[in-house]
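Subject: Structure for you to look at

Hi,

Here is the structure I promised, with the sequence alongside. Have a look, and then read my notes below.

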Amino acid sequence: MKEDNCLHAALICLGMLYYSHAVTTEKLNHARPSLHGHHEKGKEGQVLHRSKRGWVWNQFFVIEEYTGPDPVLVGRLHSDIDSGDGNIKYILSGEGAGIIFVIDDKSGNIHATKTLDREERAQYTLTAQAVDRNTNRPLEPPSEFIVKVQDINDNPPEFLHENYHANVPERSNVGTSVIQVTASDADDPTYGNSAKLVYSILEGQPYFSVEAQTGIIRTALPNMDREAKEEYHVVIQAKDMGGHMGGLSGTTKVTITLTDVNDNPPKFPQSVYQMSVSEAAVPGEEVGRVKAKDPDIGENGLVAYSIIDGDGMDMFEITTDYETQEGVVKLKKLLDFETKKSYSLKVEAANVHIDPKFISNGPFKDTVTVKISVEDADEPPVFLKPSYIFEVQENAASGTVVGKVHAKDPDAANSAIRYSIDRHTDLERYFIINAEDGNIKTIKALDREEISWHNISVFAVEVHKQHQEAKVPVAIKVVDVNDNAPKFAAAYEAFVCENARSNQQFITISADDKDDSANGPRFIFSLPPEIIHNPNFTLRDNRDNTASVLVRREGFSRQKQDLYLLPIVISDGGLPPMSSTNTLTIRVCGCDSNGSLLSCNAEAYILNAGLSTGALIAILACIVILLVIVVLFVTLKRQKKEPLIVFEEEDVRENIITYDDEGGGEEDTEAFDIATLQNPDGINGFIPRKDIKPEYQYMPRPGLRPAPNSVDVDDFINTRIQEADNDPTAPPYDSIQIYGYEGRGSVAGSLSSLESATTDSDLDYDYLQNWGPRFKKLADLYGSKDTFDDDS
C-alpha cells in the first residue's frame, strides 16, 4: 500500500513537471491562445480587419487520479484582443463544463475541480469563446479543443477466469501445450507500460512452465506418470509495467489433470491359483475367479481372459466380468471324481485396447496357472437308461412280468439299491416292483380299450442313505388282444315306403370295433343263417366296412305291420375273429310318388281328422294340473285368513302418549282437559277430544253431565266412558294420556302430595269424603283440620 502511494505521488510530480514544461514552451513560443489581426482589402478599397484565431495548442492534458488540495490547472485561454483591462470575458462550454472544468472568466485559466478516471472517460471536448463583458457580444468565433486524461498505472491485471481446468495426456513430451490463460489491464496500452503484461509461474515447477508474453502453459518434465500423480495445481501471475519493479499483478489458479494412456500391461499378483469343485456340480456353475491388475483406467485397463493350454480345456471355460475385471472359471461338462481327480489350466490376461506408442512397454498380457481339484460327492443312484418302455398284453394274468429297471451307485462305496413305484403315478395300483432286482409285474388285468398306456415313475434309493434317490420314467404299452366284437357305428333306425320297389336300397350301415386296427377291420356283414332267405329284406356287403340293406319285395302296409326287426351279424378281422348280432329297426312309412316320407304312424292312417290320442292325453293332463293349482291356492288363502280374523277380534290396542316436557302450560293440554281429572269442580263445559280431528262437532246430550259439587269419581269415569263410546268422532280405541305437573301458571295444578303438607293452601278437600271408601285415606290426609282435631 505504501509503495502504491509513493508511485502515485511520483506520477503526480511527473505530470506537474510535464505541465510546467508545456507552459514554458508556450511562453517561449508565444503559444498561448491569442487572436492576431490582419488586413484584407474590400471591394471598394476599404481595408477590413478580421480577427485571426491564434490557438497553438488545441488539446490539453490532465493526470487522472490527482488528489491534491487545490484544483488542477489544465491550461489557459488568452485572446490577442485582450489588453488586460478586464473587458474581455472568457466562456467555457461543452462536456463537463461548469461541473468538472471551470474557467476564470478574466484570466482564462481552466481548472479541473474533480478527480478524473481515465478508465471511466479518456477525454472531454470543450468549446471556448471570448465575449465583451459588458454587452456579451462575441469578440471572436468559438473554438473547440480537447482535454485528455493522462493515464497512470492504477489498475492491476485481471484474468478472464479465477480458476482454470485443463487436461494433458500422461507421458507427454516436454513443451506440450496444456492451456492458455489470458489477463487484461484496464490502463492505457498506448501510454507507457501500464498495460504491458508479463506472465510467470508461481507454483507448479518443475512440472510446467508458462510463456511470458502469451500465457501458454506447457509441460516441463518428460514421462509424467498418472499412476504416480494424477492432478497438479499451478498458480500463474500476470504483471504489468513489463514485469518491472513497481508494476501491479494478478494471479489465477490452474488445475491440470493427467489423462490416462495404456502404458501398463496387466499383471497377475500370483503365479498359481488353487481351486476346487464338487463332482456333483452342474455345467455352468462357477468354479473360481482370477484377476490381473492393470493400473490403467477406462478402456486402457480392460482385460480379456482366455484358456490357452491345459488338460482341462474341454472341461472348463473362462469368461470376463467387465464390472470387476475378473476372469470367471466355470464348469463346462460334468465331472466324475472316480475317473479324474484334478485338472490344470493355463489362463492368459491381455489388454483389449493397445496404444502403438507404448508397444515397447509390452507385451500387454500375462499368464497364470490354475489348478482345479475335483471333490468326491455322495451321488444318488444312476439308472442305466434315462427312461424305459415296456409292453404287456391286455388281459394278462396277475403277476405277469412287464420289464426290469436297473440302477447303480456311482460312488466308490457302491451301496445296494432298493426300488419302489411312485404311487402318485399308479393310483389304481396296476403294477408292483421287486425292491431288490427292479422287476415290474402286473397286479390285475389290464384293458387296452380303457387305458392303452401306463406312465409310471420308479425310485431308486441307496439302502444306507435314504436321502440319495433317483427317479426314472417308465412307459408301459398295453398290447391289444381281439376281445371286443364289432357293433353298429350308430343307433340305426331305417324307414321303408309302403310303395317301395323290389331290390331298392334304403339304408347303408357301418360298424365300429374298440380293438386296435389289427384286430378290427375288415368287417364282414351278413344275415343270420335262419333268416338268410328273409322274404322282406336282404343284405349286401359293400366290402369297404359298410353294408347296404335292400327291399326284397313290394307292397308294404302300415295297417298290417308297421315295424320290422332285422338281425345283422358283423364279424371283425382279428385272430381269432369275433362277431356280434345287431338288430336294425325298420319302420313302414307313407310316402308320396317321389319317395318322400309323409307319415310313419299307423294312427295317422286310421284317423283322417281330429287330434291324436297322445295330443288329447296331453291336453287333459294340463287341465288337471291347472285345477289342482287353483284348489291349492284357495286352500292356502283360507288358512292364512283365519288367524287374521281372530287377531282382529282380540285386538285391544292402547294409544299411550307420554309428555316429558314440563313447560308449555295449557298448550300441552289440547288433547285432553287434565283439569277435569284433577278437580272435577272445575268443569264449566264440555271439551271435545283433540287427539284426532273430528269431521264434525256434536253437542253433549243433556242429562249426562254430573253436578260439580255432588260428583262421585266412579260415576264421573263411567260417564266419560259412555260419552267416548257414543262419540262418533272418537277412534275405536281408548286413548290414555298422562300429564305430569306442567309448571306454575297452568290451569291444572300439581297432583303431587309432596308439598301439600308443608304449604298453606286455600283448597278445600272435604269433598273427598263424598268420593267413597276408595278415597277414604286421601280424605283423612287432606281433610279439614277441625276434623283432625275432633278425631284426636
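Before the notes start, a word on labels: helices (H or I, at least four residues) and strands (E, at least two) are DSSP runs, numbered from the N terminus. Please also keep in mind that this is a predicted model.

**Two buried strand residues**

With that labelling, Glu348 belongs to strand E24, which covers residues 342–351. Is Glu348 buried or exposed? Its relative accessible area is 18%, and since buried means under 20%, Glu348 counts as buried. Apart from neighbours within four places in sequence, Glu348 is in contact with Ala304, Tyr305, Ser306 and Ile308, and also with Lys365, Asp366 and Thr367.

Val147 is in strand E9 (residues 143–150). Val147 is buried too, with a relative accessible area of 0%. Again leaving out neighbours within four places in sequence, the contacts of Val147 are Phe60, Val62, Val74, Phe101, Ala122, Gln123, Tyr124 and Leu126. Take Gln123 from that list: Val147 and Gln123 are 24 residues apart along the chain, yet their C-alpha atoms are separated by 5.5 Å.

**Salt bridges**

How many salt bridges does the structure hold? The count is 19, and a few are worth pulling up on your screen.

In one of them, the side chains of Asp263 and Arg171 meet, at 2.6 Å from N to O. This pair links distant parts of the chain, 92 residues apart: Asp263 is in the loop between strand E18 (249–259) and strand E19 (272–278), while Arg171 is in the loop between strand E11 (163–169) and strand E12 (177–180). Asp263 is buried, at 4% relative accessible area, whereas Arg171, at 25%, counts as partly exposed.

Glu211 and Arg218 form another salt bridge, with 2.8 Å between the closest N and O atoms. Both ends are partly exposed: Glu211 has a relative accessible area of 28%, and Arg218 has 25%.

Then there is Asp311 with Lys340, where the closest N and O atoms are 3.6 Å apart. Here too the pair links distant parts of the chain, 29 residues apart, with Asp311 in the loop between strand E21 (303–310) and strand E22 (316–321), and Lys340 in the loop between strand E23 (326–331) and E24. Asp311 is partly exposed at 45% relative accessibility, and Lys340 is partly exposed at 32%. Besides these pairs, Glu286, Arg289, Asp321 and Glu326 are joined into one network by salt bridges that share partners.

**Helices H5 and H3**

Helix H5 runs over residues 713–726. Its 14 residues should span 20 Å at 1.5 Å a residue, and the end C-alpha atoms are indeed 20 Å apart, so the two figures agree. Which residues of H5 are buried? They are Val713, Phe716, Thr719 and Glu723. Looking down the axis of H5, the buried residues fall within an arc of 125°, so they line one face of the helix.

On the surface, Ile619, Leu620, Ile623 and Leu627 form a nonpolar patch, with about 390 Å² of accessible area together. Leu627 sits in helix H3, residues 613–649. Leu627 is exposed, with a relative accessible area of 53%.

That's what I have so far. Shout if anything is unclear.

Cheers

Terms used:
Residues are numbered from 1 along each chain as its sequence is written. This is a predicted model: local features need pLDDT of at least 70, side-chain atom pairs count only at pLDDT 80 or more; totals for chains, interfaces and linings use all residues. Side-chain values use heavy atoms; hydrogens and water are left out. The expected span of a helix is 1.5 Å times one less than its number of residues. Buried means under 20% relative accessible area, exposed over 50%, partly exposed in between (1.4 Å probe, protein chains only). The arc is that of the directions from the helix axis to the C-beta atoms. Patches are made of residues with over 30% relative accessible area and no salt bridge: like charges are joined within 9 Å, nonpolar side chains (Val, Leu, Ile, Met, Phe, Trp, Tyr) within 5 Å. Accessible areas come from the Shrake-Rupley method with a 1.4 Å probe; for residues, only the protein chains shown count as cover. A salt bridge is a side-chain nitrogen of Lys or Arg within 4 Å of a carboxyl oxygen of Asp or Glu. Contact means heavy atoms within 4.5 Å.
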